[in-house]
Amino acid sequence: MTKGEAKAAALRWLDEATVGGRDAGSDELADYRNRMDTLLNGAVHQLAVQFPLETVWETEAAAEITLPENFYALETVLCRGSDGNWKECSAARRVGQKTFLLPENAAGVLRFYYERLPRSIAPDAEDDTVLDIAPGTEDLLALRLAVDAAAGMEEKPAVYARLNARFQSDALERMTQQDHRQAGIETLYGGLV
């Protein structure tokens with residue numbers, strides 16, 4: 001999904017995409033688009049909290065390792081053993097937000113599984129900028145952006161309440177579906193691989 005697509009979908013949620021049945025001109029929607037340009041980065045980050053962007057980062061073992069700037073939350077750290085198999089790295093100790101300490105004799109490759117922050121979107125980014133969101137959450141991003149755009153507008157309190165309730169309901173349903181699929185996999189295989 002691009003920035004322009006997200007704004008167009010949000011305008012549809014706000015029922016502002018057309019005026020009298022015709023496509024609204026850019027002048028008629030300039031205030032909404034400007035507001036959305038400013039709010040989009042926050043909407044993307046809010047969505048990433050509920051629908052994390054997972055990544056894997058490998059690095060050589062060292063006494064001190066600093067995770068990449070996009071690090072948000074750790075899932076697990078694996079070490080490659082001398083037999084070539086990956087196992088949980090119990091020697092890694094987290095210190096501070098993004099730093100891990102290992103014993104001085106640590107060697108080999110480490111694999112960090114973590115949730116990352118999405119790439120930021122500047123308000124002046126072009127409309128063809130691709131947004132960094134979890135696959136399958138495009139509709140939720142457009143709805144979140146519409147909620148944020150309607151927030152605090154005197155003429156839109158009912159629209160804000162309706163859209164916010166819809167976002168909360170749809171997001172909860174989507175998270176429940178994801179949790180159900182994961183529980184099914186864990187039950188079938190006796191744990192995640």
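This report describes a sheet, a helix pair, several salt bridges and one buried residue in a predicted model.

**The sheet**

Strands of a sheet pair through backbone hydrogen bonds, in either a parallel or an antiparallel way. In this model, four strands make up an open sheet, and their order across it is 3-9-5-6. The pairing is antiparallel. Strand 3 (53–60) and strand 6 (86–88) are the edge strands, and each of them pairs on one side only. From one strand to the next, the twist averages 35°.

At one edge, strand 6 pairs with strand 5 (residues 71–80) in the antiparallel sense, over three bridges. Within this part of the sheet, Arg80 stands opposite Trp86 of strand 6.

**Two helices in contact**

Helix 1 and helix 3 pack against each other with their axes 8 Å apart, at an angle of about 60°. Helix 1 is therefore oblique to helix 3. An angle counts as roughly parallel under 35 degrees and as roughly perpendicular from 65 to 115 degrees, so the angle of about 60° falls in neither group. The crossing of helix 1 past helix 3 is right-handed.

On the side of helix 1, the contact is made by Ala6, Lys7, Ala9, Ala10 and Trp13. Helix 3 contributes Asp139, Leu141, Ala142, Leu143, Leu145 and Ala146.

**Salt bridges**

The count of salt bridges in the model is ten. The table gives some of them, with the distance between the closest N and O atoms.

| Acidic residue | Basic residue | N to O distance |
|---|---|---|
| Asp37 | Lys3 | 3.3 Å |
| Asp127 | Lys7 | 3.0 Å |
| Asp148 | Arg144 | 2.9 Å |

The salt bridge of Lys3 with Asp37 joins two helices. Lys3 lies in helix 1 (residues 3–13) and Asp37 in helix 2 (residues 30–50), so this pair ties together parts that are 34 residues apart in sequence. Lys3 is buried, with a relative accessible area of 1%. Asp37 has a relative accessibility of 18% and also counts as buried, because the cut-off for buried is under 20%.

The salt bridge between Asp127 and Lys7 links distant parts of the chain, 120 residues apart. Asp127 sits in the loop between strand 9 (109–116) and helix 3 (138–150), while Lys7 belongs to helix 1. Lys7 counts as buried at 5% relative accessibility, whereas Asp127 counts as partly exposed at 37%. Lys7 is also one of the helix 1 residues that make the contact with helix 3.

Lys3, Lys7, Asp37 and Asp127 are linked in a network of salt bridges.

The salt bridge of Asp148 with Arg144 is found within a single helix. Both residues lie in helix 3, four residues apart, which is about one turn of the helix. Asp148 and Arg144 are both buried.

**The surroundings of Ile65**

Ile65 lies in strand 4 (residues 64–66). With a relative accessibility of 4%, Ile65 counts as buried. What does Ile65 touch, not counting residues up to four places away in sequence? The list consists of Trp57, Thr59, Glu60, Lys98, Thr99, Phe100, Leu102, Leu110 and Phe112.

Among these contacts is Phe100. Along the chain, Ile65 and Phe100 are 35 residues apart, but their C-alpha atoms are separated by 5.1 Å.

How values were computed: Residues numbered from 1 in each chain as written. Predicted model: local features only at pLDDT ≥ 70, side-chain atom pairs only at ≥ 80, totals over all residues. Heavy atoms only, no water. Pairing = 2+ DSSP bridges. Axes fitted to C-alpha atoms, helices over the stretch in contact; angles between N-to-C directions. Salt bridge = Lys/Arg side-chain N within 4 Å of Asp/Glu carboxyl O. Buried < 20%, exposed > 50% of the residue type's maximum accessible area, 1.4 Å probe, protein only. Parallel < 35°, antiparallel > 145°, perpendicular 65-115°, else oblique. Left-handed = near helix turned anticlockwise from the far one by under 90°. Contact = heavy atoms within 4.5 Å.
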